[in-house]
Amino acid sequence: MSDARRSKAAHIRHLLETEGDAVAANTRGFNQGRYDAVADLEDYEELKREARGIKEAAIERLPELVEEVTETVEENGGTVYLAEDAADANRYIREVVADCDADRLVKSKSMTSEEIEVNDTLERDGVDVVETDLGEWVLQLADEAPSHIVAPAIHKSREEIARLFEHWFDLEEPLETAEELTAFASDRLGELIADADVGMTGANFISADSGTLMLVTSEGNARKTAVVPDTHVAVAGVEKIVPSVEELAPFIELLAKSGTGQDLTSYVSFLTPPTASPVVAFDDPDTPLADREDDRAFHLVLIDNGRMAMREDEHLRETLYCIRCSACANTCANFQSVGGHAFGGETYTGGIATGWEAGVHSYESAASFNDLCTGCSRCVEACPVGIDIPWINTVVRDRVNRGGEHDRFDFLVEGLTPDEEPGGIDLQKRLFGNYETLAKVGSATAPLSNWLAGSAPVRRGLERIAGVDHRRDLPTFARETFRDWFDARGGSRIDAANADREVVLYPDVYTNYIDVDRGKAAVRVLEALDVHVRVPPVPESGRAPLSQGMIATADERASAVYAALAEHVDAGRDVVVIEPSDLAMFRADYERLLPQASFDRLNEASYDILEYVYGLLEHGADPSALRTGNDNDALAYHSHCQQRTLGLGGYTVATLERLGYDVVTSDVECCGMAGSFGYKREYYELSMDVGDHLRQQLTTAETRDRLVVASGTSCGDQLESLLSRNAHHPVEVIDPARADVSNPDRTDIRSNR
């Protein structure tokens with residue numbers, strides 16, 4: 001294994017051990033809070049569409065809005081500075097602070113100020129910079145970077161914070177409870193704010209028409225920071241501007257609900273600086289406010305730092321729609337286990353961080369954690385403005401791949417891999433991205449290939465050269481492929497002329513070369529419902545290369561798949577897919593890869609196998625033709641993450657229950673395997689940690705004796721590793737030819753009829 005992989009594995013293992021429990025408890029709490037909070041909204045999806053529309057329009061008009069807000073703020077009596085980059089912003093802020101002859105600057109939480117590292121700049125000038133957000137203050141004392149966009153100290157336990165306070169302050173008594181810690185911090189920070197010369201805030205939004213800043217906090221420290229000192233500096237990225245105050249309404253609804261599951265945060269402040277409130281003068285309490293002649297100053301520092309270039313980038317542009325709520329991080333299974341100290345770059349953390357880091361820092365910063373996005377797509381559903389975060393991550397991965405250093409063996413690898421990628425791409429990614437080729441060779445040479453794959457020297461070589469973890473069982477290739485079996489039986493046993501429906505059953509790589517039995521089960525299930533089945537030669541969907549950031553190869557595969565299926569779609573045949581990740585290609589990812597008309601046609605013609613069965617039963621097909629749960633057979637079902645994002649998980653449960661099965665469904669959003677992710681040496685421990693949440697659900701008194709059922713290949717592989725029990729595709733459960741399922745540990749669920 002390379003030093004880089006070994007180092008990354010050790011870093012992840014360390015974070016799992018030291019920060020994992022606190023991050024998991026907090027992010028899962030926020031995520032559940034989001035579900036509960038948005039459930040109370042009458043039309044959540046419409047609100048999201050409205051918010052996205054506002055951001056799309058604002059970014060489209062961004063140069064115009066920058067000019068407008070500049071004029072407005074200056075008319076209000078403030079000053080606007082458009083900073084080209086971090087150095088430019090810091091130079092201007094240093095001048096402002098120096099002009100004030102300031103000894104202390106107090107700050108409210110601002111990721112943009114973290115981005116430009118203003119604290120370090122001012123501290124080098126001898127300025128006492130004090131964070132006033134409790135979490136940020138804790139990190140300042142601990143000399144650590146934030147691990148979460150909204151809750152920066154999410155990785156720290158109450159006990160750790162108590163020890164930190166005890167280390168830094170001369171406490172009369174140890175602080176133990178959260179209330180005691182918060183009260184102490186509030187008193188201490190209040191004293192520091194009272195003596196500050198300059199206050200610095202960020203801005204959640206800025207309205208161009210009035211120059212109003214919207215500040216969202218839980219502690220009220222932002223408004224104190226803005227109005228207690230007589231000089232206020234607001235630092236914000238240019239993307240924070242919206243045309244008017246009225247357009248802030250949907251974001252007020254969405255921000256707290258998406259981030260922490262609160263209906264509203266404790267403080268939502270609207271300030272139009274310079275604020276009209278009198279300056280707080282603690283050293284002059286006897287002068288009436290009416291007699292005071294306060295002279296407030298306000299500086300709005302708008303940061304470009306790569307954002308205007310992101311606006312011109314068709315793939316990174318969506319990043320600018322981000323409202324920094326952290327919903328993508330909270331819903332991400334990998335983030336829930338390791339937090340932003342692994343799943344983050346120089347400043348930003350979580351799924352959307354890849355776009356930010358690539359845009360404002362570097363691709364090198366984004367590359368350090370980009371692979372932790374497994375493309376499960378759960379974050380797309382969680383994002384209040386519907387950003388396609390997995391696609392941004394894929395694009396960045398592709399660009400990182402293309403910036404790789406060429407190896408002297410590239411010519412050999414390129415000769416063996418039929419992909420569209422240049423030299424320099426990581427061998428591990430190239431191996432998994434060309435899995436179809438590997439499966440073809442493995443099947444054609446089985447059982448020798450399976451014997452070799454299980455031998456110790458080969459496993460050691462795979463781990464050393466390609467980073468394939470030796471603890472994972474490798475798939476066993478079938479000598480007779482699914483298509484060969486189908487052709488050998490003479491095709492479909494339901495005559496097309498007399499069939500109720502006619503389908504093309506898509507032979508995905510796993511079904512065709514490895515789990516042939518689930519393909520056979522799918523054929524028998526469809527034929528039992530009077531469906532004529534075709535299994536034509538269709539190439540791999542492109543899912544494997546896309547997951548490795550090999551977009552050109554995925555694009556070529558998408559075109560080949562459409563070319564193979566177009567005649568069937570033209571003939572009115574339905575396309576039925578067994579593997580959810582391949583269906584997600586047809587229904588979502590292909591929109592990025594195919595002409596719109598081609599995507600629309602394939603999208604409309606494609607179905608998940610259990611979704612299709614559900615539809616047939618709803619339209620009068622005879623359920624008794626299928627294997628029913630006559631004895632109330634007990635199942636424990638885990639739905640694939642992309643299947644859930646597509647809104648299809650419910651069809652499987654409904655079909656199984658209609659057929660008489662007693663189904664318990666896991667509510668864990670990810671199994672942790674995510675295709676090739678769990679096979680990679682550097683991510684094995686993380687994958688197992690994510691999966692442990694699922695293992696716990698399926699080993700309770702209610703679930704441990706049930707037959708384990710999973711829709712996705714990767715889910716099934718992970719479940720078998722976690723539970724040491726067989727996991728079956730739901731279409732195998734309802735296969736009319738299968739054997740008894742009363743014993744969940746049996747292996748005879750599959751039939752070779």
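Ala, Val, Leu, Ile, Met, Phe, Trp, Tyr, Cys and Pro are counted here as nonpolar, Asp, Glu, Lys and Arg as charged, and the others, Gly among them, as polar. The exercises below use these classes and concern a predicted model.

**Exercise 1. Find how many cavities the structure holds, and describe the lining of the largest cavity by class and by helix.**

Step 1. A search of the whole structure, restricted to cavities of 30 Å³ or more, finds four, and the largest cavity has a volume of about 170 Å³.

Step 2. Its lining consists of 20 residues, and those that lie nearest the centre of the largest cavity are Cys332, Leu372, Cys373, Thr374 and Cys376.

Step 3. Sorted by class, the lining of the largest cavity comprises twelve nonpolar residues, seven polar ones and one charged.

Step 4. Turning to the helices, α14 (327–331), α15 (333–338) and α18 (378–382) each contribute at least two residues to this lining.

**Exercise 2. Describe the second largest cavity in the same terms of volume, central residues and class.**

Step 1. The volume of the second largest cavity is about 90 Å³.

Step 2. Its lining is made of 13 residues, with Cys322, Ile323, Cys325, Cys328 and Cys383 lying nearest the centre.

Step 3. By class, this lining has eleven nonpolar residues, one polar and one charged.

**Exercise 3. Place Leu372 within the nonpolar packing of the model, and list its contacts.**

Step 1. The largest nonpolar core has 76 residues, and Leu372 is listed with Leu302 and Ile387 as having the most contacts inside it.

Step 2. Helix α3 (residues 44–60) provides the largest share of this core, namely six residues.

Step 3. Apart from this core lies another, of 38 residues, which includes Phe482, Leu610, Val653 and Val733.

Step 4. Once neighbours within four places in sequence are set aside, Leu372 is in contact with Ile12, Asn334, Ala342, Phe343, Phe677, Tyr683 and Leu686.

Step 5. Joining this to the first exercise, Leu372 is also one of the residues nearest the centre of the largest cavity.

**Exercise 4. Decide whether Gly386 is buried, exposed or partly exposed, and describe its surroundings.**

Step 1. Gly386 is situated in the loop between α18 and α19 (389–402).

Step 2. The relative accessible area of Gly386 is 30%; because buried requires under 20% and exposed over 50%, Gly386 is classed as partly exposed.

Step 3. Not counting residues up to four places away in sequence, Gly386 touches Arg52, Glu318 and Val380.

Step 4. Lys257 is 129 residues from Gly386 along the chain, and the C-alpha atoms of these two residues are separated by 15 Å.

Terms used:
Residues are numbered from 1 along each chain as its sequence is written. This is a predicted model: local features need pLDDT of at least 70, side-chain atom pairs count only at pLDDT 80 or more; totals for chains, interfaces and linings use all residues. Side-chain values use heavy atoms; hydrogens and water are left out. A nonpolar core is a set of buried Ala, Val, Leu, Ile, Met, Phe, Trp, Tyr and Cys residues joined through side-chain atoms within 4.5 Å. Buried means under 20% relative accessible area, exposed over 50%, partly exposed in between (1.4 Å probe, protein chains only). Helices (H or I, at least four residues) and strands (E, at least two) are DSSP runs, numbered from the N terminus. Contact means heavy atoms within 4.5 Å. On a 1 Å grid over the protein atoms alone, a cavity is a set of points where a 1.4 Å probe fits but cannot get out, and a pocket is an open set with protein on both sides within 12 Å along at least five of seven lines; lining residues have an atom within 4 Å of a point. Grid points are joined across faces, edges and corners, and a volume is the space filled by probe spheres set on the points.
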